[in-house]
Each structure stands twice: as C-alpha cells, then as structure tokens.
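Here is a short report on one protein model, written for reading alongside the coordinates. It covers the overall make-up, the strand pairings, the nonpolar cores and some backbone details.

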Amino acid sequence: MSDTQGEGPAISGRAVESMTGRLLVATPALKDPNFDRTVVLLVAHEAGGALGVVLNRATEVPVADVLGEWSDLARHPAVLFEGGPVQPESAICLARMRHPMRRLKGFQPISGAVGTVDLSVDPERMRDSIGGIRVFAGYSGWGSGQLEQEIEDGSWFVLDALPGDAFVDRPDDLWPMVLRRQGGMMAAVAHFPPDVALN
C-alpha cells in the first residue's frame with residue numbers, strides 16, 4: 001500500500017499523489033449501477049492502480065454467520081457489506097483503533113485511526129485496541145490510470161474522509177451526508193433525485 005503523503009511514481013509522465021484514505025463519492029453523472037450513489041473509501045492508491053470498498057451497501061448477512069469470532073467487534077449494523085464487484089468471495093475488514101498512535105500486529109493503517117485488519121489474527125488479541133470493525137465482501141478496483149480518468153470524466157468527487165464515515169449506523173444516509181457537509185453547490189447535489197429525468 002502506498003504512503004498517504006507525497007507523490008508516488010509517474011503515470012504517463014505525471015507524478016501521482018496518493019489518494020489512499022480519501023473518499024470517492026459517485027456523482028449523478030456516474031451511470032454504472034455497481035456504483036450508483038456510492039461512497040468508496042480508497043484503501044490503496046498507487047501508480048499500478050487503486051483499491052477501495054463501498055461504504056454504503058449493507059447486505060442482510062450477519063457478520064456472525066460468516067466470521068463468528070469477530071462479530072462482537074462489528075459496528076451496527078453488524079452485517080457484511082458489498083465492498084464492490086471484484087472478488088465478492090474475498091473479505092476486507094476495516095477497523096477503527098482506539099489509540100491510533102499505538103502499533104498493532106495485524107493492523108495496517110490507511111488514515112489516522114482507520115485501517116485494515118488481518119482476519120487470520122485472533123480477535124481476542126485486538127479487542128482492547130479496536131473500537132469497531134466493518135467487513136466487506138469484495139472490493140472495487142481500478143487499473144493504472146483508470147481511476148484518474150474516471151475522476152477527470154466527472155464520475156467521482158474526491159473528498160476528505162472523517163474517521164467515522166466507514167462505521168456509520170445508517171449507511172444508506174452516507175451519500176447525501178458526505179455531500180451536505182461540503183456545503184455550497186456540492187451540498188445541493190445531495191438533493192438530486194435518483195433519476196434526474198424524473199425531475
């Protein structure tokens with residue numbers, strides 16, 4: 001995973017600043033049903049591509065049904081989330097550390113107190129250090145330069161994440177919530193109807 005600060009390797013002659021830890025918020029112009037009104041947290045972004053998880057697509061499958069030993073660390077709603085269309089049989093676990101400055105084996109920081117957790121580690125070892133987890137089935141991925149092109153085409157807003165964004169109690173409200181807190185014209189986008197043609 002790349003560093004969240006500074007510039008990474010060049011893509012087509014330009015240095016790429018890592019967007020790891022930032023949010024991709026789907027614009028109304030994005031027509032891909034996989035990403036309609038989604039908020040994606042970028043878990044990794046480097047010259048070779050980007051990887052993220054969709055934060056606002058909860059399933060009805062309880063974490064306890066899949067990863068029983070981790071279930072009491074799961075934040076409400078304690079269900080699996082659809083992280084994206086790539087490898088839906090794989091799992092990525094996000095966690096929020098109680099003490100972000102402490103190093104913890106099995107925890108890979110993304111931004112501040114938020115990072116990924118190795119699910120093969122014994123959850124008992126992490127119980128005192130982690131304030132909550134969220135588990136994602138699959139992920140969203142982009143090849144080299146693909147995400148940058150989609151941003152340039154107007155498909156995504158790139159916005160700063162707050163530590164609680166990945167762990168909100170009402171994930172369905174995340175898309176308008178993130179847009180509203182930007183203020184100005186961006187806040188107005190939060191009120192766009194799902195089908196602009198119906199307006």
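## Overall make-up

Of the contacts in the protein with a separation of 6 or more, 63% are between residues 24 or more positions apart. The model is predicted. It holds five helices and twelve strands.

Buried residues make up 43% of the 199 residues. The protein exposes about 10200 Å². Carbon and sulfur atoms supply 51% of that area.

## Strand β4 and its partners

Strand β4 spans residues 39–46. Seven of its eight residues are buried, so the strand is mostly covered; buried here means under 20% relative accessible area.

β4 pairs with two strands discussed here, β3 and β5. Strand β3, residues 23–26, runs antiparallel to β4, with three bridges between them. Within this pairing, leucine 24 stands opposite valine 40 of β4. Strand β5, residues 49–54, is also antiparallel to β4, and this pairing has six bridges. Here alanine 44 has leucine 51 in β5 as its bridge partner. The connection from β4 to β5 is a hairpin through two residues.

## Strand β8 and its partners

Strand β8 covers residues 86–97, and strand β11 covers residues 130–143. The two pair in the antiparallel sense over eight bridges. In this pairing, isoleucine 92 stands opposite phenylalanine 136 in β11.

β8 also pairs with strand β10, residues 114–117. That pairing is antiparallel too, over four bridges. Arginine 96 stands opposite valine 114 in β10.

## Nonpolar cores

In soluble globular proteins, nonpolar side chains tend to be buried together. The largest nonpolar core in this model has 37 residues. Those with the most contacts inside it are Val25, Val53, Leu55, Leu94, Trp142, Leu147 and Trp156. The elements that give two or more residues to this core are β3, β4, β5, β7, β8, β11, β12 (156–159) and α4 (174–180). β4 gives the most, with five residues.

Another core, of 17 residues, lies apart from the largest one. Its members include Val63, Leu67, Cys93 and Met97.

## Backbone details

Which peptide bond is cis, with omega of about -5°? The bond joining histidine 76 and proline 77. Proline 77 sits in the loop between α1 (63–66) and β7 (79–82).

Two residues have positive phi although neither is a glycine: arginine 37 and glutamine 87. For arginine 37, phi is about 55°. This residue is found in the loop between β3 and β4. Arginine 37 counts as partly exposed because its relative accessibility is 23%. For glutamine 87, phi is about 45°. Glutamine 87 lies in strand β8. At 42% relative accessibility, glutamine 87 also counts as partly exposed.

## Drawing it together

β4 appears in several of these sections. The strand is mostly covered, pairs with β3 and β5, and gives five residues to the largest core. β8 likewise recurs. This strand pairs with β11 and β10, is among the elements that give two or more residues to the largest core, and contains glutamine 87.

Terms used: Residues numbered from 1 in each chain as written. Predicted model: local features only at pLDDT ≥ 70, side-chain atom pairs only at ≥ 80, totals over all residues. Heavy atoms only, no water. Pairing = 2+ DSSP bridges. Buried < 20%, exposed > 50% of the residue type's maximum accessible area, 1.4 Å probe, protein only. Contact = heavy atoms within 4.5 Å. Areas by Shrake-Rupley, 256 points an atom, 1.4 Å probe, with all protein chains shown as cover. Core = buried A, V, L, I, M, F, W, Y, C linked by side-chain atoms within 4.5 Å.
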